[in-house]
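Let us take a friendly walk through a protein model. Have the sequence and the 3D view open as you read.

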Amino acid sequence: MIEGTLVRLRAPRAADLDVQLRWRNDPEVVHWATGGDPRFGPITRESLERFHDAQLRQDPRVEGMFIVEDLADGRPIGMVDYRDVNPFAGQVTVGITIGERGHWGGGYGSEALRLLLGHLFGACGFRRVELDTWSGNERAVRAFRKLGFVEEGRRRSGVRVGQRWYDSVLFGMLSEEWERLTDATAG
Ligand SMILES: CC(C)(COP(=O)(O)OP(=O)(O)OC[C@H]1O[C@@H](n2cnc3c(N)ncnc32)[C@H](O)[C@@H]1OP(=O)(O)O)[C@@H](O)C(=O)NCCC(=O)NCCS
């Protein structure tokens, strides 16, 4: 368990299937999380069961997922994950979805991602963490920049959202940048 001031990250449980099913069938969540990518949602219980079973059996050296809980009442509000680990280069890709709309814009997602970064750079010793979003997701872009991610490139028209195309924006952070940020906060 990894705890901040607004949220904690905890390992997924079998009972989290229902809440994940709700988030991934909420069109607004699917829209903001992926630009409406049908691989994310809507999703049937049967499909999610297979995915969820795999999540419960993940090898944390290779990939992992944490449920984000609101510290105020202990309820799940979203999820963060890491994947595509490259142990040779020390690289990993992360993702975040706060699934409870009422928690958007309240700093919960930013803190959850900060806690995940602390875990990946600290306990896991990664050299580089990356993530991406689509250029229309201003809240995500602002949150990632505020956390200290550097915009490293764009895949032009890489994301289709309905009948429009947006850039896929790639962000990265290096371990020394993370250390500078945390030293500055501590000092
Ligand atoms: C994107 C997400 C992780 C951001 O986390 P958050 O805790 O909600 O974000 P914050 O409250 O820290 O806000 C981040 C910034 O966005 C701004 N913001 C909030 N709502 C906004 C909106 N509707 N439009 C534009 N900017 C907005 C905030 O003011 C803040 O900027 P500032 O610090 O410069 O004022 C979270 O909202 C989320 O998971 N949303 C749904 C799914 C999603 O978009 N996932 C990301 C896909 S890569």
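Is D183 buried or exposed? D183 is exposed, with 9 other C-beta atoms within 10 Å. The terms work like this: a residue is buried if 20 or more other C-beta atoms lie within 10 Å of its own, exposed if 12 or fewer, and partly exposed in between, with C-beta atoms placed from the backbone. D183 sits in helix α6 (residues 175–186). Its C-alpha atom is separated by 25 Å from that of D132, and the two residues are 51 apart along the chain.

Before going further, a word on the model. It is predicted: local features need pLDDT of at least 70, side-chain atom pairs count only at pLDDT 80 or more, and totals for chains, interfaces and linings use all residues. Residues are numbered from 1 along each chain as its sequence is written.

## The overall build

The protein has six helices and eight strands. Here helices (H or I, at least four residues) and strands (E, at least two) are DSSP runs, numbered from the N terminus. In sequence order, the pattern is β-β-α-α-α-β-β-β-α-β-α-β-β-α. The radius of gyration is 16 Å, close to the 16 Å that the globule rule gives for 187 residues, so the protein is as compact as a globular protein of that length. That radius is taken over C-alpha atoms, and the globule rule is 2.2 Å times the number of residues to the power 0.38. Along its principal axes, the C-alpha trace spans about 45 × 35 × 35 Å. Buried residues make up 33% of the 187 residues.

A UniProt record (unreviewed entry) places the feature "domain: N-acetyltransferase" at residues 7–172. UniProt positions are given in the numbering used here, feature names are shortened, and annotations may be inferred rather than shown by experiment. Over residues 7–172 the chain is 31% helix and 35% strand.

## Helix α4 and the core

Now find helix α4 (residues 108–121). At 1.5 Å a residue, its 14 residues should span 20 Å, and its end C-alpha atoms are 20 Å apart, which agrees. The expected span is 1.5 Å times one less than the number of residues. Eleven of the 14 residues of α4 are buried, so this helix is largely enclosed by the rest of the structure. Among those buried residues are Y108, A112, L116 and F121.

A nonpolar core is a set of buried Ala, Val, Leu, Ile, Met, Phe, Trp, Tyr and Cys residues joined through C-beta atoms within 7 Å. The largest one has 35 residues, and those with the most contacts inside it are V68, V80, A112 and L116. Helix α4 gives the most to this core, with eight residues. Two residues are in contact if their C-beta atoms, placed from the backbone, lie within 7 Å. Leaving aside neighbours within four places in sequence, V68 has contacts that include V7, L9, V80, I98 and A112. Apart from this core lies another, of five residues, among them W23, V29, W32 and A33.

Two of those names, V29 and W32, are also listed among the buried residues of α2. The buried residues of α2 pack against α1 (17–24) and β5.

## Around the ligand

Which residues come nearest to the ligand? Of the 21 residues around the ligand, I98, G105, G109, S110 and T133 come nearest. A residue is near a molecule if its C-beta atom, placed from the backbone, lies within 6 Å of it. Helix α5 gives the most to this shell, with six residues.

## Backbone angles to look for

Most residues other than glycine have a negative phi, and most peptide bonds are trans. With that in mind, look at these residues with a positive phi.

| Residue | Place | Phi |
|---|---|---|
| G35 | just after α2 | about 75° |
| D84 | strand β4 | near 50° |
| S157 | strand β7 (residues 150–161) | about 50° |

D84 is exposed, with 11 other C-beta atoms within 10 Å. S157 also counts as exposed, with 12 C-beta neighbours inside 10 Å. A cis peptide bond joins G41 and P42, with omega about 0°. P42 is in the loop between α2 and α3 (45–56).
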